[in-house]
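I sat down with this chain to look up how its helices pack. My notes follow in the order I made them.

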Amino acid sequence: MKHVTERPFADPQAAARKLLELAASIEPVQDGRIHIEKINYSFLYTLKGSGMEFGAGIRCAVEKGWLELHESGTYVRLLSTGDDLLGQ
């Protein structure tokens, strides 16, 4: 019998909101740039999200206009830091 664990970030919107929360907690380096690996590490290793959940969350956040992903994929920018985005 397999025991399935609950995947809190299986919903792309939930993953996107968590990624926004992580991005908001990181000090931008230049022009509001946040290195993607800082968000990626926290999401994958600290929160135990999967790579597919991370990708879906980033795509969802970009589609909703919450994050801007640079074409190189090396950094993101928060487009809005309002509490309404984080569901507060």
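**Entry 1: the chain as a whole**

I began with contacts between residues at least 6 apart in sequence, and 58% of these join residues at least 24 apart. I am working from a predicted model. I counted the elements next and found three helices and three strands. Along the sequence they follow the pattern α-β-α-α-β-β. The chain has 88 residues, and 30% of them are buried.

**Entry 2: the core**

Which residues touch the most other members of the largest nonpolar core? I looked through its 19 residues and noted Leu19, Ile39, Phe43 and Phe54. Then I asked which elements give two or more residues to this core. They are helix H1 (12-24), helix H2 (36-46) and helix H3 (51-63). H1 supplies the largest share, with six residues.

**Entry 3: two phenylalanines**

I looked up Phe43 and left out residues up to four places away in sequence. Phe43 then touches Phe9, Ala15, Lys18, Leu19 and Leu22, among others. Its list also includes Lys48, Gly49, Ser50, Glu53 and Phe54.

Phe54 came next, and I located it in helix H3. Is Phe54 buried or exposed? Its relative accessible area is 9%, so Phe54 is buried, the cut-off being under 20%. I set aside its neighbours within four places in sequence and read off Leu19, Ile36, Ile39, Asn40, Phe43 and Leu44 as the contacts of Phe54. I also checked Phe54 against Lys18, which is 36 residues away along the chain. Their C-alpha atoms are separated by 9.7 Å.

**Entry 4: H1 against H2**

I took the helix pairs one at a time. The axes of H1 and H2 come within 10 Å and cross at roughly 125 degrees. That angle makes H1 oblique to H2, since it falls outside the 65 to 115 range for roughly perpendicular and is not over 145. I noted the crossing of H1 and H2 as right-handed. On the H1 side the contact uses Ala15, Lys18, Leu19, Leu22 and Ala23. H2 brings Ile39, Ser42 and Phe43 to it. I sorted the residues of this H1 and H2 contact into six nonpolar, one polar and one charged.

**Entry 5: H2 against H3**

At what angle do the axes of H2 and H3 cross? I read roughly 130 degrees, with the axes coming within 10 Å. H2 and H3 are therefore oblique to each other. Their crossing is right-handed. From H2, the contact takes Ile36, Ile39, Asn40, Phe43 and Leu44. From H3, it takes Gly51, Glu53, Phe54 and Ile58. I counted six nonpolar, two polar and one charged among the residues where H2 meets H3.

**Entry 6: H1 against H3**

The last pair was H1 and H3. Their axes are 7 Å apart, and the helices pack at an angle of about 80 degrees. That makes H1 roughly perpendicular to H3, because angles of 65 to 115 degrees count that way. I listed Pro12, Gln13, Ala15, Ala16 and Leu19 on the H1 side of the contact. On the H3 side I listed Glu53, Phe54, Ala56, Gly57, Ile58, Cys60 and Ala61. The contact of H1 with H3 divides into nine nonpolar residues, two polar and one charged.

Phe54 turns up in the H2 and H3 contact, and again in the H1 and H3 contact.

**Entry 7: positive phi in the loops**

I closed with the backbone. Which residues other than glycine did I note with a positive phi? One is Asp31, where phi is near 55 degrees. Asp31 sits in the loop between H1 and strand S1 (34-35). Its relative accessibility is 56%, so Asp31 counts as exposed, the cut-off being over 50%.

Another is Lys48, with phi near 65 degrees. I found Lys48 in the loop between H2 and H3. Lys48 is exposed, because its relative accessible area is 56%. I had already met Lys48 among the residues that Phe43 touches.

How values were computed. Residues numbered from 1 in each chain as written. Predicted model: local features only at pLDDT ≥ 70, side-chain atom pairs only at ≥ 80, totals over all residues. Heavy atoms only, no water. Core = buried A, V, L, I, M, F, W, Y, C linked by side-chain atoms within 4.5 Å. Buried < 20%, exposed > 50% of the residue type's maximum accessible area, 1.4 Å probe, protein only. Helix = DSSP H or I, 4+ residues; strand = E, 2+ residues; numbered from the N terminus. Contact = heavy atoms within 4.5 Å. Axes fitted to C-alpha atoms, helices over the stretch in contact; angles between N-to-C directions. Parallel < 35°, antiparallel > 145°, perpendicular 65-115°, else oblique. Left-handed = near helix turned anticlockwise from the far one by under 90°. Nonpolar A, V, L, I, M, F, W, Y, C, P; charged D, E, K, R; others polar.
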